[in-house]
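Student: I'm new to this structure and would like a close look at one part of it. Could you pick a single residue and then show me what lies around it?

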Amino acid sequence: MFNALCLSLAMSSPLLAQEAPENVGLLTLEAPGAAAPVAFDLDALKAMPVTEIETSTVWTDGVTRFTGVALSDLLADLGEEGTVIHAMARDGYTVEIPVSDAVPGGPIVAYEMDGAPLDADMMGPYWIIYPYDSDEAYRTEEIEARSIWQLARLTLGD
């Protein structure tokens, strides 16, 4: 009975049914002019320039150190232009992030929190983190909504 329930739940959710365990650690980037999406695993992200942010968040206690790739560096790797980034989590939750947010000193795609990998069953493996403490403009509900965790896909568009 339990197995039948699990199978039923998986089949009722296309995202759960399609997500193979080996894909959990992949971050896919898409751009309209690109021939195909580009998938990054953790090693590929760690090979990019590393950015750290020390900030408090509404989801963590005290100041936390996040390590990852600047969103601006990730988009530069695409070499495409657009005005909006459609970010999608593993569970299908989506947000729109203006490309204008992707500036040096802006948000990162974090893969570590206080030196430990982000847990895929919690906020990880990837989480968009803004430097909330660095600027009052980053302390809004709108920016909090853009701070998508369990990030799986970024699609550049207009």
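Tutor: Let's take Q150, which counts as buried at 14% relative accessibility (buried means under 20% relative accessible area, exposed over 50%, and partly exposed in between, with a 1.4 Å probe and protein chains only). Its phi is positive, about 50 degrees, although Q150 is not a glycine. You will find Q150 in the loop between α5 (141-146) and β10; helices (H or I, at least four residues) and strands (E, at least two) are DSSP runs, numbered from the N terminus.

Before going on, note that this is a predicted model, where local features need pLDDT of at least 70, side-chain atom pairs count only at pLDDT 80 or more, and totals for chains, interfaces and linings use all residues. Residues are numbered from 1 along each chain as its sequence is written, and side-chain values use heavy atoms, with hydrogens and water left out.

A useful partner to Q150 is D114, where phi is also positive, near 50 degrees, in a residue other than glycine. D114 sits in the loop between β7 and β8, but it is partly exposed, with a relative accessible area of 47%. Another loop, between β8 (116-117) and β9, holds P125, and the peptide bond from G124 to P125 is cis, with omega near 5 degrees.

Now back to β10 (151-157), one of the elements that give two or more residues to the largest nonpolar core. Such a core is a set of buried Ala, Val, Leu, Ile, Met, Phe, Trp, Tyr and Cys residues joined through side-chain atoms within 4.5 Å. This one has 37 residues, and L27, L45, L74, L151 and L154 have the most contacts inside it. Other contributors of two or more residues include β1 (27-30), β4 (63-70) and α4 (71-78). Leaving aside residues up to four places away in sequence, L27 touches L151, A152, R153 and L154, among others; contact means heavy atoms within 4.5 Å. In soluble globular proteins, nonpolar side chains tend to be buried together.

How far can you trust the picture? The chain averages a pLDDT of 84, and 83% of the residues score at least 70, where pLDDT is the predictor's confidence in each residue, from 0 to 100. Confidence is highest in β9, at 98, and lowest in helix α1 (residues 2-12), at a mean of 30. Over residues 1-22, pLDDT stays under 50, and the model has seven contacts beyond four places in sequence for them.
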